[in-house]
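Let's take a look at the aromatic rings here and what surrounds them. Start by pulling up the model.

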Amino acid sequence: LKFKKGSRVGFKGPTGSGKSTLLDIVMGLFEPSNGSIFVDGEMINKNNIRAWQMNIAHVPQSIYLSDTTIEENIAFGLPKEQIDQSLVKKAANQAQISELIESWPESYQTYIGERGIRLSGGQRQRIGIARALYKRSKILILDEATSALDSETEDAVMNGIETLDEDITILIIAHRLTTLELCDKVIDLPSIQQRD
């Protein structure tokens, strides 16, 4: 498989066909049992894997949230004094959750409870998408990242993702074919047939 920089690639297939495993290999979480991964002609190995992973923002189906504020969960891992609030708001807006957050009395300073207990599944997923967008990575991987959203919200989120910089490569796993409409190419697993 080859992914061009800036391409939007979708993956579909039945449960257990290897979609998530394939992207885990791309992210360097698993070593391929066969073959190798090359980025710009350079093979990814144990010496450069961390540098490769620094380019990736991953949104899994199940989002880990800490018992801190919305802002701290979007800018996850950064000390509070290093958080760029304008970037937090921009990422939340692209993830279609800024309007909701800004309607709350504490806005971005709202505490969300342990594992995001105060949020719905769709709200947690949108926080996860905002977190990935905040990172401004070169590669965005969405693994069933919109599965808890209703169709209208999912469309709005995907429209926001579609407006991202054309240099960002986006890899998307989805069961709903409408989610993959923005893709340049859709890979059907396990048959590895490509649709251009």
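## Ground rules

A quick word on exposure before the rings: a residue is buried under 20% relative accessible area, exposed over 50%, and partly exposed in between. Phe76 comes out at 40% relative accessibility, so it counts as partly exposed.

Keep in mind that this is a predicted model. The protein chain has a mean pLDDT of 87, with 97% of its residues at 70 or more. Confidence peaks in α3, at 95, and bottoms out in strand β8 (residues 193-195), where the mean is 52.

## The Phe3 and Phe11 pair

How many aromatic pairs does the structure hold? The count is 2. One of them joins Phe3 and Phe11, edge-to-face, with 6.1 Å centre to centre and 85 degrees between the planes.

As for exposure, Phe3 is partly exposed, at a relative accessible area of 30%. Phe11, on the other hand, sits at 0% relative accessibility and counts as buried.

## The Tyr64 and Phe76 pair

Then there's Tyr64 with Phe76: the ring centres are 5.9 Å apart and the planes stand at 70 degrees. Planes over 60 degrees apart count as edge-to-face, so that's the label this pair gets.

Where do the two residues lie? Tyr64 is in the loop between β4 (56-59) and α3 (70-74), while Phe76 is in the loop between α3 and α4 (85-94). The pair therefore ties together parts that are 12 residues apart in sequence.

## A charge over Phe76

Phe76 has another partner too: the charged end of Arg131 sits over its ring, 4.2 Å from the ring centre.

Notes
Residues numbered from 1 in each chain as written. Predicted model: local features only at pLDDT ≥ 70, side-chain atom pairs only at ≥ 80, totals over all residues. Heavy atoms only, no water. Phe/Tyr/Trp six-rings, centres within 6.5 Å; stacked < 30°, edge-to-face > 60°. Buried < 20%, exposed > 50% of the residue type's maximum accessible area, 1.4 Å probe, protein only. Helix = DSSP H or I, 4+ residues; strand = E, 2+ residues; numbered from the N terminus. Lys NZ or Arg CZ within 6 Å of the ring centre and 35° of its normal. pLDDT = per-residue confidence, 0-100.
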